[in-house]
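Here are my notes on the model you sent over. I've kept them as numbered points so you can follow along with the structure open.

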Amino acid sequence: MSGTYQRTYPHCQVTRGFNPQETGRRSTTLPPNKTNGLFWSGQVISSGATGKDWSLGVDDATPGDIAITYSDSKLSDIQAAKNLPGLLCSGQYTIETPFFIPSNATNNFAYTKGVQLTYCKSTEVLPAGKVNINGTNKASGFIRPAGKGEIVIGIVDENGPTDLRPTYMTAVDSTAIRENSYSIRFNTVAPITKTPTV
């Protein structure tokens with residue numbers, strides 16, 4: 001679409017639980033971390049050991065609050081306010097995000113209703129063709145199905161992924177964003193739990 005803002009990934013959608021005027025304890029507003037504070041709307045962020053700012057992804061040793069960012073950290077109003085709202089995964093939201101690791105021949109991930117989700121660790125890498133906001137192939141900020149003993153931050157709400165490309169887009173228009181145009185819908189969990197180890 002000529003003359004329109006082209007996103008690398010679709011903006012996350014919150015279909016349940018989010019009222020900007022009455023967020024209560026379901027969200028926390030903190031400044032982005034100065035060294036690891038770039039994120040796109042819909043990525044997993046955490047407040048870490050200090051609880052004073054948001055960083056991309058989660059440190060297993062000191063996760064702090066784990067949340068989904070509603071806004072891009074580069075937006076001018078976020079930069080001016082020096083604060084960014086995080087939708088806490090311990091709240092009760094229904095969120096659609098494009099930041100998940102797709103199924104492929106290596107991982108065979110399934111995003112069917114009821115599947116428990118966790119965050120990707122900083123050592124995990126993205127599939128070929130996907131790039132994170134910091135220009136690397138590191139999977140921090142993405143989600144995937146949870147394994148045994150991992151922290152569960154959400155549960156798939158409906159079978160997915162869902163193709164978010166507008167119906168008016170032609171095959172030529174959609175080719176460039178095809179790989180990033182899919183989203184999964186999940187419910188956050190309260191409280192955050194761990195999957196069984198056995």
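1. A cut-off to start with: a residue counts as exposed when its relative accessible area is over 50%, as buried when it is under 20%, and as partly exposed in between. Lys82 comes out at 61% relative accessibility, so this lysine is exposed. Keep in mind throughout that this is a predicted model.

2. While we're at Lys82, have a look at its backbone. Its phi is near 60°, a positive value in a residue other than glycine. That caught my eye because most residues other than glycine have a negative phi. As for where to find it, Lys82 sits in the loop between α1 (76–81) and β6 (84–88).

3. Now the overall layout. The protein chain has 2 helices and 12 strands, and reading along the sequence they come in the order β-β-β-β-β-α-β-β-β-β-β-β-α-β. Of its 198 residues, 41% count as buried. The accessible surface is about 10,500 Å², with 52% of that belonging to carbon and sulfur atoms.

4. How much of the contact network is long-range? Taking contacts with a separation of 6 or more, 67% are between residues 24 or more positions apart. Several of the points below give examples of residues that are well separated in sequence and still meet, including Tyr9 and Trp40, which are 31 residues apart.

5. The aromatics deserve a moment. There are 6 aromatic pairs in the structure. One of them is Tyr9 with Trp40, a tilted pair at 5.2 Å centre to centre and 50° between the planes. Tyr9 lies in the segment before β1 (13–16) and Trp40 in the loop between β2 (27–30) and β3 (44–46), so this pair ties together two separate parts of the sequence. Both partners are buried: Tyr9 has 3% relative accessibility, and Trp40 has 17%.

6. Trp40 has another ring partner. Its ring and that of Phe99 have their centres 5.9 Å apart and their planes at 15°, so that pair is stacked. Phe99 belongs to the loop between β7 (94–97) and β8 (116–119), and the pair links parts of the chain 59 residues apart. Phe99 is buried, as is Trp40. Add Phe142, and you have one aromatic cluster of Tyr9, Trp40, Phe99 and Phe142.

7. Next, the second largest pocket, which has a volume of about 210 Å³. Which residues line it? Pro31, Pro32, Asn33, Lys34, Gly37, Leu38, Asp53, Ser73, Ile78, Gln79 and Lys82 do. So Lys82 from points 1 and 2 turns up again, as part of this lining. By type, the lining divides into 4 nonpolar, 4 polar and 3 charged residues.

8. Two serines in loops are worth clicking on. Ser47 is in the loop between β3 and β4 (55–56) and is buried at 5% relative accessibility. Beyond its neighbours up to four places away in sequence, Ser47 touches Leu30, Lys52, Asp53, Trp54, Pro63, Gly64 and Asp65. Asp53 is also on the list of residues lining the second largest pocket. The C-alpha atoms of Ser47 and Gly86 are separated by 9.6 Å, with their positions 39 residues apart along the chain counted as the offset.

9. The other serine is Ser140, in the loop between β8 and β9 (143–145). Its relative accessible area is 13%, which makes it buried. Leaving aside neighbours within four places in sequence, Ser140 is in contact with Gln43, Leu56, Gly57, Cys120, Lys121, Ser122 and Asn132.

10. Is Asn36 buried, partly exposed or exposed? Its relative accessible area is 29%, so it is partly exposed. Asn36 is in the loop between β2 and β3. Not counting residues up to four places away, Asn36 touches Trp54, Ser55 and Leu56. The C-alpha atoms of Asn36 and Leu56 are separated by 6.0 Å, though the two are 20 residues apart along the chain.

11. Last one: Gly154, in strand β10 (residues 151–156). At 0% relative accessibility, this glycine counts as buried. Outside the four places on either side in sequence, Gly154 is in contact with Val115, Gln116, Leu117, Phe186, Asn187, Thr188 and Val189. Its C-alpha atom is 8.9 Å from that of Ala190, 36 residues apart along the chain.

Definitions and conventions
Residues are numbered from 1 along each chain as its sequence is written. This is a predicted model: local features need pLDDT of at least 70, side-chain atom pairs count only at pLDDT 80 or more; totals for chains, interfaces and linings use all residues. Side-chain values use heavy atoms; hydrogens and water are left out. Helices (H or I, at least four residues) and strands (E, at least two) are DSSP runs, numbered from the N terminus. Buried means under 20% relative accessible area, exposed over 50%, partly exposed in between (1.4 Å probe, protein chains only). Contact means heavy atoms within 4.5 Å. Accessible areas come from the Shrake-Rupley method with a 1.4 Å probe; for residues, only the protein chains shown count as cover. Rings of Phe, Tyr and Trp (its six-membered ring) pair if their centres lie within 6.5 Å; planes under 30 degrees apart count as stacked, over 60 as edge-to-face and the rest as tilted. On a 1 Å grid over the protein atoms alone, a cavity is a set of points where a 1.4 Å probe fits but cannot get out, and a pocket is an open set with protein on both sides within 12 Å along at least five of seven lines; lining residues have an atom within 4 Å of a point. Grid points are joined across faces, edges and corners, and a volume is the space filled by probe spheres set on the points. Ala, Val, Leu, Ile, Met, Phe, Trp, Tyr, Cys and Pro count as nonpolar, Asp, Glu, Lys and Arg as charged, and the others, Gly among them, as polar.
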